[in-house]
Amino acid sequence: MKLLRFRFQDETKFGVIEGNEVVVLEEDFLLSIKRSSSRVSFDEIELLSPVSPSKFICVGLNYMDHANEMKEKLPDEPVLFLKPSTAINHPNYPIYYPPQTKELHYEAELAVVIGKTAKNVMIEDAKNYILGYTCGNDVTARDLQRKDIQWTRSKSFDSFAPIGPWIETEIDPSSLDIKLLLNDEIKQRSNTSNLIFKPDFLVSFISSIMTLLPGDVIMTGTPSGVGPMKVGDSVSVVIENIGTLTNKIE
Ligand code: MG
């Protein structure tokens with residue numbers, strides 16, 4: 001099932017994709033998945049981020065190839081950082097190039113969407129708390145990341161957390177091809193089988209620290225091949241069996 005949030009005739013709505021159409025849901029799919037009788041065509045809607053998380057919990061250095069590229073030792077526990085809720089961005093919306101950086105980077109990531117409140121969840125139970133998976137771009141001001149001792153500034157500008165285009169609820173995340181295209185050129189290519197810490201482990205690990213709320217998003221880390229973007233570029237995160245998340249730099 002592909003769940004989405006969208007604008008239609010100046011209203012925000014929730015839906016599920018069926019063929020070329022969207023079946024409108026009675027309410028937010030985080031509350032219940034009740035189909036209404038109305039359907040809208042895909043061409044008539046404007047996609048929004050499928051959820052509005054209270055927080056993005058992000059994992060640094062979670063692909064072996066990226067850890068090597070950044071000349072970092074492999075972590076024995078996940079390295080976590082947060083992006084604020086205000087960094088949220090939507091499919092096809094602009095990512096703004098802030099004047100404070102000269103090195104704006106993309107990071108293609110598998111994003112885990114939490115479906116219900118999770119605290120001290122066991123790894124074996126983690127699946128029950130995951131609503132599904134979507135694409136994410138952990139946009140980063142790389143020069144500021146290097147300069148600052150921690151990563152808050154470099155990761156937190158408004159528009160630095162695009163997610164979407166929808167949540168796929170029925171996939172096994174253990175072996176999905178993940179790619180990043182910059183102006184249609186492949187810049188990152190890997191598979192989620194190369195993740196050091198897997199989604200179920202991350203839900204358990206993070207929920208032992210902070211309560212995960214419905215709609216919260218875990219960004220699972222990026223493979224090797226991170227690199228710069230410039231104003232005018234089009235950037236797409238493509239994950240097998242999920243979809244494509246595209247944004248333009250402004
Ligand atoms: Mg990242």
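**Exercise 1. Serine 175 and its partner**

Work out which side chain makes a polar contact with the side chain of serine 175, and where serine 175 sits.

*Solution.* Start with the side chains: serine 175 makes a polar contact of 3.4 Å with the side chain of asparagine 191. Keep in mind that you're looking at a predicted model. Next, place the residue: serine 175 is in the loop between strand E14 (161–168) and strand E15 (177–182). Then list its contacts, skipping neighbours within four places in sequence: Asn191, Thr192, Ser193 and Glu240. Now check accessibility: serine 175 comes out at 42%, so it counts as partly exposed. Finally, try a distance: the C-alpha atoms of serine 175 and leucine 213 are 26 Å apart, with the two positions 38 residues apart in sequence.

**Exercise 2. Serine 190**

Decide whether serine 190 is buried or exposed, and find its side-chain partner.

*Solution.* First the location: serine 190 belongs to strand E16 (residues 185–191). Its relative accessible area is 8%, and because buried means under 20%, serine 190 is buried. Its side chain makes a polar contact of 3.0 Å with the side chain of asparagine 194. Leaving out neighbours within four places in sequence, serine 190 touches Tyr63, Asp65, Leu176, Asp177, Ile178 and Pro223.

**Exercise 3. The magnesium site**

Name the protein donors of the magnesium ion and see which parts of the chain they come from.

*Solution.* Begin at the ion: Glu107 (OE), Glu109 (OE) and Asp138 (OD) are its protein donors, 2.0 to 2.1 Å away. Written along the chain, the donors follow the spacing E-x1-E-x28-D. Now look at one pair, glutamate 109 and aspartate 138, which are 29 residues apart and link distant parts of the chain. Glutamate 109 is in strand E11 (residues 108–114), while aspartate 138 is in the loop between strand E12 (130–137) and strand E13 (140–141). Both glutamate 109 and aspartate 138 are buried.

**Exercise 4. From histidine 105 to the largest pocket**

Find the side chain joined to histidine 105 by a polar contact, then describe the lining of the largest pocket.

*Solution.* Histidine 105 is part of strand E10 (residues 104–106). With 7% relative accessibility, it counts as buried. Its side chain and that of arginine 142 are joined by a polar contact of 2.9 Å. Beyond its neighbours within four places in sequence, histidine 105 has contacts that include Asp138, Arg142 and Met229.

Arg142 takes us to the pocket: together with Met70, Glu72, Gln145 and Trp151, it lies nearest the centre of the largest pocket. That pocket holds about 230 Å³ of space and has 17 lining residues. Sort the lining by type and you get five nonpolar, five polar and seven charged residues. Strand E6 (56–60) and helix H2 (142–147) each supply at least two lining residues, and H2 gives the largest share, with three.

**Exercise 5. An enclosed helix**

Explain why helix H4 (residues 199–207) is described as largely enclosed by the rest of the structure.

*Solution.* Count the buried residues: eight of the nine in H4 are buried, so the helix is largely enclosed. They are Pro199, Asp200, Leu202, Val203, Ser204, Phe205, Ile206 and Ser207. Then ask what they pack against: E6, strand E7 (79–83), E11, E12 and strand E17 (217–219).

**Exercise 6. Tryptophan 166 and a cis peptide bond**

Locate tryptophan 166 and find the backbone oxygen its side chain reaches.

*Solution.* Tryptophan 166 is in strand E14. It is buried, with a relative accessible area of 15%. Its side chain reaches the backbone oxygen of isoleucine 242 at 2.8 Å. Leucine 3 is 163 residues away along the chain, yet the two C-alpha atoms are separated by 5.6 Å. Proline 165 lies in strand E14 too, and a cis peptide bond with omega of about 10 degrees joins glycine 164 to proline 165.

**Exercise 7. Positive phi**

Compare aspartate 10 and asparagine 183, each with a positive phi although not a glycine.

*Solution.* For aspartate 10, phi is about 65 degrees; for asparagine 183, about 50 degrees. Aspartate 10 is in the loop between strand E1 (2–8) and strand E2 (11–18), and asparagine 183 in the loop between E15 and E16. Aspartate 10 is exposed at 69% relative accessible area, whereas asparagine 183, at 40%, counts as partly exposed.

How values were computed:
Residues are numbered from 1 along each chain as its sequence is written. This is a predicted model: local features need pLDDT of at least 70, side-chain atom pairs count only at pLDDT 80 or more; totals for chains, interfaces and linings use all residues. Side-chain values use heavy atoms; hydrogens and water are left out. On a 1 Å grid over the protein atoms alone, a cavity is a set of points where a 1.4 Å probe fits but cannot get out, and a pocket is an open set with protein on both sides within 12 Å along at least five of seven lines; lining residues have an atom within 4 Å of a point. Grid points are joined across faces, edges and corners, and a volume is the space filled by probe spheres set on the points. Helices (H or I, at least four residues) and strands (E, at least two) are DSSP runs, numbered from the N terminus. Ala, Val, Leu, Ile, Met, Phe, Trp, Tyr, Cys and Pro count as nonpolar, Asp, Glu, Lys and Arg as charged, and the others, Gly among them, as polar. Buried means under 20% relative accessible area, exposed over 50%, partly exposed in between (1.4 Å probe, protein chains only). A polar contact is a pair of N or O atoms within 3.5 Å; within protein, one must be able to donate a hydrogen and the other to accept it, and residues adjacent in sequence count only if both atoms are side-chain atoms. Contact means heavy atoms within 4.5 Å. Donors are N, O and S atoms within 2.8 Å of the metal (3.2 Å for Na, K and Ca); water is not among the atoms, so sites may look incomplete.
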